[in-house]
Each structure stands twice: as structure tokens, then as C-alpha cells.
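Student: Please pick one part of this model and take me through it closely. Keep it to what the coordinates support.

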Amino acid sequence: MTRILFVCHGNICRSPMAEFIFKDLAQKRGVADRFFVQSAATSSEEICGTVGNPVYPPARAQLEKHGISCAGKRAAQLRKDDYDRYDLFVCMDDNNIRNIGYIFPIDPQKKVCKLLDFTARGGNVADPWYTRDFDQAYRDIFDGCSALLETLLQEK
């Protein structure tokens, strides 16, 4: 089983969108049992005490528009001991890569990557918290998750 953790800044927009899009794609392909997928934040901004905030309403609405539920998801923060618990840390942008480096100062197994690096175009998934463009974020994340799934299925 491949253990994937999608990572963004706050874990209320992009990384939970990626978590649930990937799960949906894997389910539709009949391979969901081959993956354990979650998401987390590099920051603690969306964590209030021990309870994380829910998925940001426009992100949740974007998923629902495509028939994907994220019910019950709450923001969680990436921890140093997660390095041994996951096979892949899939970040949304360069800032996430930089910030994950403060949590995992070294990445000897080369587990940290960017989502859109699995696509032909590469680049960053722009943060819809700032851009307000949840349609574009969904398209980028869908493309990245589709390419990631294909890559992982070809490796097996």
C-alpha cells in the first residue's frame, strides 16, 4: 500500500481538495485499496487548540460541484514523525516545499515532491485562498492527481 500525504499551507483548501480528488480517482479506477491518502498543513494557522478548522467553504463547494464529499475533514499539521509514516509528501507549491524543509530538515528517501511535477507543465498550484479562483485550483489539482495516479500505477 502506498501512503500519500498531500501538503499545503493551511490544509483547508488545496491539500484537502487533492486528498479527496485523488481518493475519488482511485475509487473510480478500482484501485483505492492500494493507497492510504490524507492531507496536512505546514503551518498551525488553521488549528485551534487540538481541533483543526473544516475545509474552507468555497473549496468544499468546488468538490461538491464535482460530486466529491470531504465531510468530516479537519485541518491537521504535518509532524516530524510523519516522515516515517508516509511514502510520499505531495506539496502544492514551492513555499510548501521550503516549509516542509523546516519540519524534515533532510529528505534522504526523496519523498517530498510537488503535485504539478507529475504533469507535463509542472509549476505550482496557486492558492485559491488568495486568488479566489477555486475553479482553476480544482483543474490544476485534478490534472496533478490524475498524473500522479497514473505514475504510481505504472510503477507497480
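Tutor: What follows is a close look at strand 2, starting from a pocket and ending with the neighbouring strands.

This is a predicted model, so local features need pLDDT of at least 70 and side-chain atom pairs count only at pLDDT 80 or more, while totals for chains, interfaces and linings use all residues. Residues are numbered from 1 along each chain as its sequence is written, and side-chain values use heavy atoms, without hydrogens or water.

Start with the largest pocket. A pocket is an open set of points on a 1 Å grid over the protein atoms alone, where a 1.4 Å probe fits and protein lies on both sides within 12 Å along at least five of seven lines. The volume of the largest pocket is about 190 Å³, counted as the space filled by probe spheres set on the points, which are joined across faces, edges and corners. Its lining (residues with an atom within 4 Å of a point) has 14 residues, and Q38, S39, A76, R85 and Y86 are the closest to the centre. Two elements give two or more residues each to this lining: helix 1 (14-29) and strand 2 (35-41). Strand 2 gives the most, with four residues. By class, the lining holds five nonpolar, three polar and six charged residues. Here Ala, Val, Leu, Ile, Met, Phe, Trp, Tyr, Cys and Pro are nonpolar, Asp, Glu, Lys and Arg are charged, and the others, Gly among them, are polar.

Now strand 2 itself. Helices (H or I, at least four residues) and strands (E, at least two) are DSSP runs, numbered from the N terminus. Strand 2 is largely enclosed by the rest of the structure, because five of its seven residues are buried. Buried means under 20% relative accessible area, exposed over 50%, and partly exposed in between, with a 1.4 Å probe and protein chains only.

Which residue joins its side chain to that of E19? It is S39, through a polar contact of 2.6 Å. Such a contact is a pair of N or O atoms within 3.5 Å; within protein, one must be able to donate a hydrogen and the other to accept it, and residues adjacent in sequence count only if both atoms are side-chain atoms. S39 sits in strand 2. S39 counts as buried because its relative accessible area is 3%.

Next, the partner. Strand 2 runs parallel to strand 1, and seven bridges join them. Two strands pair if DSSP finds at least two bridges between them. One of these bridges links L5 to Q38 of strand 2. Strand 1, helix 1 and strand 2 together make a β-α-β unit, and that unit is right-handed: with the strands pointing away from the viewer, the path from the first strand over the helix to the second runs clockwise.

Strand 1 (residues 2-8) also pairs with strand 5, again in the parallel sense, over four bridges. F6 has V90 of strand 5 as its bridge partner. In a regular strand the side chains alternate between the two faces of the sheet. Strand 5 (residues 88-91) is covered on both faces. L88 and V90 are buried on one side, F89 and C91 on the other.

Strand 5 pairs in turn with strand 6 (residues 112-114), in the parallel sense over three bridges. There, V112 of strand 6 is the bridge partner of F89. The chain goes from strand 5 through helix 3 (residues 94-103) to strand 6, in a right-handed β-α-β crossover.
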